[in-house]
Amino acid sequence: MKINTYDNILLDINEGIATLTINRPKSMNALNTATLTEIGEALDEIKANADDIKVVVITGAGEKAFVAGADISEMRDMNSLQAAELSKVAHNSFGKIENLPQLTIAAVNGYCLGGGLELASSCDVRVVSEKAKFGQPEVTLGIVPGFGGTQRLTRLVGRGKAKEMIAMGTMIDAKEAYRVGIAEEIAAPEALMDKVMEIAHQVMKNGLIAVSMAKYVIDRAADLPLDTAIDFETQMWAQTFATEDQTEGMTAFLEKRHAKFTSK
Ligand code: CO8
């Protein structure tokens, strides 16, 4: 598989796992327009190669930051129209993350602030370093979160905690992020990627059509009334019985062997 190279991100594909690394460590991996655009382009490549890429990991280069937010030097002199355009670029790329068929894992290796927390919140699962720090400091700059923070963070932690975090603009540590539901797992800094890969490899052993459908129904049905959401789940469940993975998974169980899923 041929993968493009980018100026502000790295895209590595290894053993079915795509790792997208935001690569501007001198600016704490701050997200400027070029980086946000490249993230969108890389996600298009990942989607186009979904047969070979089973899980997607997003992380930041260097030891200090996952992403310390949108690029303040680019934003300072923007007018409202330009800010709206930037926000659109981010929404386009973050929407692509959410809509990928693969499970996405944010490997949060350090500061995860503003647009960085919004990026991590767009992923399915967040595995975080003990040293990571989280916050939506936008109000300290005189703006509101503009890449989905008022919405995705609220869906993770609830309205009260989201309002507290956004209004205070201060940082919380990894333990608190775990406690309030931002982080699913915490690891020592040196063990972060091992933990991420352990999760990725466990997921890859399973029927990946089923993983993808489960992700889809969890996200799409989240805001529906319960009975409609349950109907939606029933349809997805029934559809999995039309896959070769279902036959293989159940046959393997009955034959007391490990399933060999083909994602068909
Ligand atoms: N943008 C641009 N440059 C940054 C950013 C950023 N977000 N964060 C850090 N940098 C740069 C610094 O300016 C510095 O550059 P230089 O070496 O040239 O002086 C370099 O990275 C290293 O940073 P520090 O020296 O500050 O490193 P520290 O270890 O002292 O501090 C922090 C690290 C705590 C992460 C600190 O850099 C910081 O507070 N950064 C800003 C965090 C922030 O406010 N983020 C929110 C940005 S706003 C946002 O994300 C809004 C998203 C939605 C926008 C919608 C618009 C349409």
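This tour moves through a predicted model, one selection at a time.

**Stop 1: an aromatic pair between helix α3 and a loop**

The structure contains three aromatic pairs. For the first stop, select Phe94 and Phe147, whose rings meet edge-to-face, with 6.0 Å from centre to centre and 90° between the planes. Phe94 belongs to helix α3 (residues 80-99), while Phe147 sits in the loop between β8 (133-135) and α5 (149-157). The two residues are 53 residues apart, and the pair thus links distant parts of the chain. Both Phe94 and Phe147 are buried.

**Stop 2: an aromatic pair between helices α9 and α10**

Next, select Tyr216 and Phe232. Their ring centres lie 6.1 Å apart and their planes stand at 85°, so this pair is edge-to-face. Here too the pair links distant parts of the chain: Tyr216 is in helix α9 (residues 208-221) and Phe232 is in helix α10 (residues 226-240), 16 residues apart. Is each partner buried or partly exposed? Tyr216 is partly exposed, because its relative accessible area is 40%. Phe232, with a relative accessible area of 18%, is buried, since buried means under 20%.

**Stop 3: a buried acidic side chain**

Select Glu118, in helix α4 (residues 115-122). Glu118 is buried, yet it has no salt bridge. The nearest side chain of opposite charge is that of Arg152, 7.1 Å away; a salt bridge would require a side-chain nitrogen of Lys or Arg within 4 Å of a carboxyl oxygen. What does the side chain of Glu118 reach at 3.0 Å? The answer is the backbone nitrogen of Phe147, a residue already seen as the partner of Phe94 in the edge-to-face pair. Adding Gly148 to the selection shows a further contact, in which the side chain of Glu118 reaches the backbone nitrogen of Gly148 at 3.4 Å.

**Stop 4: Ser93 and Gly40**

Return to helix α3 and select Ser93, which is found in this helix. Ser93 counts as buried because its relative accessibility is 1%. A polar atom of the Ser93 side chain lies 3.3 Å from the backbone nitrogen of Gly40.

**Stop 5: strand β5**

Now select Ala106, placed in strand β5 (residues 103-108). With a relative accessible area of 0%, Ala106 is buried. Add Thr19 to the view: Thr19 and Ala106 are 87 residues apart in sequence, but their C-alpha atoms are 9.8 Å apart in space.

**Stop 6: salt bridges**

Side chains of opposite charge can pair when their charged atoms come close. In this model the count comes to 14 salt bridges, and several of them are worth selecting.

Begin with Arg76 and Asp77, which form a salt bridge whose closest N and O atoms are 3.4 Å apart. Asp77 counts as exposed because its relative accessibility is 60%, and Arg76 likewise counts as exposed, at 66%.

Select next Arg155 and Asp223, where the closest N and O atoms of the salt bridge are 3.6 Å apart. This pair links distant parts of the chain, with Arg155 in helix α5 and Asp223 in the loop between α9 and α10, 68 residues apart. Arg155 has a relative accessible area of 58% and is therefore exposed; Asp223 counts as exposed at 61% relative accessibility.

Then move to helix α8 (residues 192-204), which holds both Lys195 and Glu198, three residues apart, about one turn of the helix. These two residues form a salt bridge with the closest N and O atoms 3.4 Å apart. Lys195 counts as partly exposed, at 22% relative accessibility.

To finish this stop, select Lys161, Glu164, Glu176 and Arg179 together. Salt bridges that share partners join these four residues into one network.

**Stop 7: a nonpolar patch on the surface**

For the last view, switch to a surface representation and select Ile72, Leu141 and Ile143. Together they form a nonpolar patch on the surface, with about 260 Å² of accessible area. Ile72 is found in helix α2 (residues 72-75). Its relative accessible area is 46%, so Ile72 is partly exposed.

How values were computed. Residues numbered from 1 in each chain as written. Predicted model: local features only at pLDDT ≥ 70, side-chain atom pairs only at ≥ 80, totals over all residues. Heavy atoms only, no water. Patch = residues over 30% accessible without salt bridge, like charges linked within 9 Å, V, L, I, M, F, W, Y side chains within 5 Å. Areas by Shrake-Rupley, 256 points an atom, 1.4 Å probe, with all protein chains shown as cover. Helix = DSSP H or I, 4+ residues; strand = E, 2+ residues; numbered from the N terminus. Buried < 20%, exposed > 50% of the residue type's maximum accessible area, 1.4 Å probe, protein only. Phe/Tyr/Trp six-rings, centres within 6.5 Å; stacked < 30°, edge-to-face > 60°. Lys, Arg positive; Asp, Glu negative; His and termini not counted. Polar contact = N/O pair within 3.5 Å; in protein donor to acceptor, adjacent residues only side chain to side chain.
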